[in-house]
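This report describes a two-chain protein model, taking in an annotated region, the contact between the chains and two individual residues.

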Protein chains: 2
Amino acid sequence: MALPEPLLQLVTLLKRLPGVGEKSARRMAFFIIQQPGSYPEELAIALHGLKERLCECSKCGNITDVDPCSICTDPLRERQTLCVVETAEDLLSMEQAGIYNGLYHVLKGKISPLDGEDLPPSEYERLKERIINTRVKEVIIATNPRVEGDLTFYSLFSELEDLDVKISRLAYGLPVGGSIEFADRITLHAAFESRVDVRKNKRR
Amino acid sequence: MALPEPLLQLVTLLKRLPGVGEKSARRMAFFIIQQPGSYPEELAIALHGLKERLCECSKCGNITDVDPCSICTDPLRERQTLCVVETAEDLLSMEQAGIYNGLYHVLKGKISPLDGEDLPPSEYERLKERIINTRVKEVIIATNPRVEGDLTFYSLFSELEDLDVKISRLAYGLPVGGSIEFADRITLHAAFESRVDVRKNKRR
């Protein structure tokens, strides 16, 4: 027996979501039809016209419903630091951590030779122009700690090197709360390479 | 920074799905808006009026878009065996395994004292009537191997005991492909209790 057609359609679509396989999709579909009240309708309404109700912030590239986004227009934000991230999701993770108060710049793409992806030349221009026009003092390149992120970092760095601006990268090392026992070889290597002189740090 | 309102609404709804937390819901929402084409619309359409397009099969209680369902009307199904399951999801799992060719009976509820759930008296009547009217030869009570399932099994069994019909229950034991090392105490106990006389089985 196959699933009834309306359920099958839903399962097929749910399966495309990240981290959702056949079994989870079925579980979700059954959950949806068994919810009391109008849950499926609410979900349908939330999805309907979703893309039209959102846009990219023309300043930073963040996903937003008002342009410029709430970060770019926030008067309490420190405007001399620019954090360059790969995606709007990375931006959101940082915001939720609440550890950064400067501005962001979301890249439209990343360098990933294996996926045949590259950063379009216009992206370098867009970033450079923004740095020059807004008199930013520091650019923090916060690409992901992987090969693609590193490639993107080096490519951006060589492009921005000549600008009169401090350029930094997030530190690699042991994740806090993790354990050395379970750290992989490359992370351990990075932690050794970037080891901190305790005495010097204390003196500061 | 909070999520833009349309995204926040979607995340709030997605979080209610089983197995989906805050992080997964956000990941799904970002995935949805970044999909090329009309994926969000397709999903909205699949959800719209979903409950109205589905119903319970009036014979077996399965979820279906045509009543009676495709299992009840399938002429190739063996009609003397009735498998009683707790939910339509359990039914679907059995169908996907493709190991059973009889008819089903989906219970509307289960006995779960901790959740304050009980099997309504009409359910016993519905099952009894069906067994008597359709001249079923065997009833397989396939409740889940947990306390609630066992309670439901015993309650159904005591109700059906007097009927002229064979009543069976799915076997408890070691899951095939699993290992004794990781089997829990109760499963091991069940496997010992239901151990099979090899010589007797061979002679048969």
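## The annotated region of chain A

Residues 57-72 of chain A are 0% helix and 12% strand, and the C-alpha atoms at the two ends of this stretch are 8 Å apart. In the UniProt record, an unreviewed entry, these residues of chain A carry the annotation "zinc finger region: C4-type". The model discussed here is predicted.

## Relation between the two chains

Chain B is superposed on chain A by a rotation of 179° with 0.0 Å of shift along the axis, and the RMSD is 0.1 Å. The two copies are therefore related as by a two-fold rotation axis. Within chain B, the C-alpha nearest this axis belongs to B:Ala44, at 2.0 Å from it. Both copies use the same surface, since 100% of the contact residues of chain B recur in chain A.

## The interface

Chain B contributes 54 residues to the contact, and chain A contributes 54 residues. About 5200 Å² of area is buried between chain B and chain A, and carbon and sulfur atoms give 67% of that area. The rule finds zero salt bridges across this interface, whereas 14 residue pairs are in polar contact between chain B and chain A, counting pairs with both residues at pLDDT 80 or more.

On the side of chain B that touches chain A, the elements giving two or more residues are helix H1 (5-14), helix H2 (22-34), helix H3 (39-47), helix H4 (50-53), strand E2 (63-64) and helix H5 (88-97) of chain B.

## A:Ile32

A:Ile32 is part of helix H2 (residues 22-34) of chain A. What is the relative accessible area of A:Ile32? The value is 1%, and A:Ile32 is therefore classed as buried, the cut-off being under 20%.

Leaving out residues up to four places away in sequence, A:Ile32 touches A:Leu10, A:Leu14, A:Tyr39, A:Pro40 and A:Leu43, and also B:Leu17, B:Leu47, B:Leu50 and B:Lys51. For one of these contacts, A:Leu43, the separation along the chain is 11 residues and the C-alpha atoms of A:Ile32 and A:Leu43 are 9.5 Å apart.

## B:Gln35

B:Gln35 is located in the loop between H2 and H3 of chain B. With a relative accessible area of 14%, B:Gln35 is buried. Which residues does B:Gln35 contact, leaving aside its neighbours within four places in sequence? They are A:Arg16 and A:Lys51.

Definitions and conventions: Residues numbered from 1 in each chain as written. Chains lettered and ligands numbered in written order. Predicted model: local features only at pLDDT ≥ 70, side-chain atom pairs only at ≥ 80, totals over all residues. Heavy atoms only, no water. Helix = DSSP H or I, 4+ residues; strand = E, 2+ residues; numbered from the N terminus. Buried < 20%, exposed > 50% of the residue type's maximum accessible area, 1.4 Å probe, protein only. Contact = heavy atoms within 4.5 Å. Least-squares fit on C-alpha atoms with pLDDT ≥ 70 in both. UniProt positions renumbered as here; feature names shortened; annotations may be inferred. Buried area = accessible area lost by both parts, 1.4 Å probe. Salt bridge = Lys/Arg side-chain N within 4 Å of Asp/Glu carboxyl O. Polar contact = N/O pair within 3.5 Å; in protein donor to acceptor, adjacent residues only side chain to side chain.
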